[in-house]
Amino acid sequence: MKKLTTLFLMAVGLEASAQTFTQYTTTEQQPWQTKGKVSLASKAKAQPILHSSLFTLHSKPFRAWGTCFNELDLDAIRLLTKEEQEKIMHDIFAPDGDLRFTRGRLTMNANDYSRAWYSCDTVAGDFALKYFNIEHDKANVIQLIKMAQKWQPAMTFWVSPWSPPSWMKINQDYCVASSPYNTQPKEKDYLLFDDGGQPDPNEMQFLGERQGLFPKKLASQNYFIQDPRYLQAYANMFCKFIELYAEENIPIDMVMYQNEAYSYTPYPGCAWTAEGTIKFNKDYLAPTLKEKHPEVKLYVGTFNTNRQDYVEKIVSALTAPANSCVPSVASDQRSSAQLSILNSQLIEGLGFQWEGRENLDYMREMHPNLHMISSESECGNGQMDWRAGEHTFYLLHEYIGRGCDEYYNWNFILCDQGRSAWGWKQNALVQVITSPTGGGREGATYRYTPEYYAYKHFSHFVEPGSTLLAFYPIKDGLQAIVFQRPDGKRVVICGNTNNEAKPLSIQLGKKYLNINLAAHSFNTFVEK
């Protein structure tokens, strides 16, 4: 006889009058099947065996599902017919679509899923930003944004750079480390570490979860030039970018100073020390935003390191009381914005991705007033298979269950194995399969990957404003999470990564949801 598992979900608000839930299930062979109704029962089908590992929740209402907008996504979707393009964009962004994304992440200058390196200002020494422009974006990624806005006109956005313009960096290049895919001389790699050691190329392969400390060694100096003229011009760039995008009816309401400052990349990137991060955000970016765009929130991140003490050093410096967080700018040189920001909190939230999620529990406990978001889901290795879907389903549980109130996908559509200009192969929610006779629009087809359905099991039902009631982290191949939507209806999301079906009993108040989870399945139960 199979043992039943009972999850005791002790959370406020679980009592309700409704007695039935509709079940939706996805397996590799059968995506998104409606399995009918499940009624609550007065008894569990077995004695509870899992009941002591639930988290004490300190969550804020969930706020948004979103994705990133990249040039290679635009190239992929343009291979399809107009009708196919419209269906995909509807399914991902429309309020009545599958995924219902309402937020977008943008990059200032190129990222690793741009076609090639470019920046918004290529004129060295242009501190006045006379030549700063978004003409490249208008012809490229903004076209993709407009396609999404057609279906979700209320979409809002946030921005982070992968690399500043090359002329603002000590290596005078867009990357951090040399590789066969860029033109930086290998001799410049010594800039990264005091001891002259070289970056480890294997550390950046993304072939599954890296084990242990990441990065193994921290950069010993900032790749951004720490001259006040450069720092202030860079802060002004964020504001100029916000203004030019607003002219295109693309509202940016949040910024982060850097994507993955702890990945020492052959593609666009920039290494920062903790001291440089604090200095730029505290003395330049925060006061400049407060003066020019007080409506725009400042988050710090994206943190992709599990060096908790390093992250805490940055966060505590940017959230300390005014009398212990005095800018290094001389008092007689501070602007009114710099002075006024002393009396307010510098940052409103934190962005985490990759190893950064190992900091979530600590940060939630130590900084409960800050919002936390999953700024980018993990990218996979181009296989776009069921295993990748299960991993993303797990990540969705982990980030949200541990306190994140926004979650962002990385690429939402890519060709074939998602190969970038820098040699990476990565996953997407939609895979465009090009013609074997040479690519191009003729013969291209598309499929929704398992990761697409992993998202749908969450985002189709968990609306902005939903409250996290309970979270059971993965154990013995099972995981569960419970939300209450603004309309009072509860949503239970469960996963089974075992090779056989697993019965499960979930206590909701004084009653039980007795269910059976198919082998290797995603499941959502929605209260009627």
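Strand 20, residues 521-527, is mostly covered, with seven of its seven residues buried. This is a predicted model, and the points below follow its covered strands, one bent helix, its aromatic contacts and several backbone features. Among the other enclosed elements is helix 6, where 14 of the 19 residues are buried, and strand 4, where five of the five residues are buried.

**Strand 20 and its partners**

- In a regular strand the side chains alternate between the two faces of the sheet.
- In strand 20, Ser521, Asn523, Phe525 and Glu527 point one way while Phe522, Thr524 and Val526 point the other way, and residues of both sets are buried.
- Strand 2, residues 20-26, runs antiparallel to strand 20 and is joined to it by six bridges, and within this pairing Gln23 stands opposite Phe525 of strand 20.
- Strand 17, residues 490-496, also pairs with strand 20 in the antiparallel sense, over six bridges, and here Val491 has Val526 of strand 20 as its bridge partner.

**Strand 4 and its partners**

- Strand 4 covers residues 64-68, and because five of its five residues are buried, the strand is largely enclosed by the rest of the structure.
- The cover extends to both faces of strand 4, since Ala64, Gly66 and Cys68 on one side and Trp65 and Thr67 on the other are all buried.
- Strand 11, residues 406-408, pairs with strand 4 in the parallel sense over three bridges, and Gly66 has Tyr408 of strand 11 as its bridge partner.
- Strand 5 is likewise a parallel partner of strand 4, with three bridges between them, and in this pairing Thr67 stands opposite Gly104 of strand 5.

**Helix 6**

- Helix 6 comprises 19 residues, 274-292, and reaches 26 Å from its first C-alpha to its last, which is close to the 27 Å expected at 1.5 Å a residue.
- The helix nevertheless has a kink of about 40°, centred on Asn281.
- Because 14 of its 19 residues are buried, helix 6 is largely enclosed by the rest of the structure.

**Aromatic contacts**

- The count of aromatic pairs comes to 42, and one of them is the stacked pair of Tyr24 and Trp32, with 5.4 Å centre to centre and 20° between the planes.
- Both members of that stacked pair, Tyr24 and Trp32, are buried.
- Phe101 and Tyr455 form an edge-to-face pair, with 5.9 Å centre to centre and 75° between the planes.
- Phe101 lies in the loop between helix 2 (82-93) and strand 5 (103-108), whereas Tyr455 belongs to helix 11 (residues 450-459), so this pair ties together parts that are 354 residues apart in sequence.
- Phe101 and Tyr455 are both buried.
- A contact of another kind involves Lys217, whose charged end sits over the ring of Phe193 at 4.7 Å from the ring centre.

**Backbone features**

- Most residues other than glycine have a negative phi, and most peptide bonds are trans.
- The peptide bond from Phe214 to Pro215 is cis, with omega near -10°, and Pro215 has its place in the loop between strand 6 (156-161) and helix 5 (228-247).
- The peptide bond from Gly301 to Thr302 is also cis, with omega near 10°, and Thr302 is placed in strand 8, residues 297-303.
- Gln172 is not a glycine, yet it has a positive phi of about 55°, and this residue lies in the loop between strand 6 and helix 5.
- With a relative accessibility of 46%, Gln172 counts as partly exposed.
- Asn249 is a residue other than glycine with a positive phi, near 60°, and it is found in the loop between helix 5 and strand 7 (252-255).
- Asn249 is exposed, because its relative accessible area of 58% is over the 50% cut-off.

**Cysteines**

- The count of disulfides comes to zero.
- Cys175 counts as buried at 0% relative accessibility, and Cys494 is buried with a relative accessible area of 0%.
- Cys68 in strand 4 is among the residues that are buried as well.

Terms used. Residues are numbered from 1 along each chain as its sequence is written. This is a predicted model: local features need pLDDT of at least 70, side-chain atom pairs count only at pLDDT 80 or more; totals for chains, interfaces and linings use all residues. Side-chain values use heavy atoms; hydrogens and water are left out. Helices (H or I, at least four residues) and strands (E, at least two) are DSSP runs, numbered from the N terminus. The expected span of a helix is 1.5 Å times one less than its number of residues. The bend at a residue is the angle between axes fitted to the seven residues ending there and the seven starting there. Buried means under 20% relative accessible area, exposed over 50%, partly exposed in between (1.4 Å probe, protein chains only). Rings of Phe, Tyr and Trp (its six-membered ring) pair if their centres lie within 6.5 Å; planes under 30 degrees apart count as stacked, over 60 as edge-to-face and the rest as tilted. A charge sits over a ring if NZ of Lys or CZ of Arg is within 6 Å of the ring centre and within 35 degrees of the ring normal. A disulfide is a pair of cysteine sulfur atoms within 2.5 Å. Two strands pair if DSSP finds at least two bridges between them.
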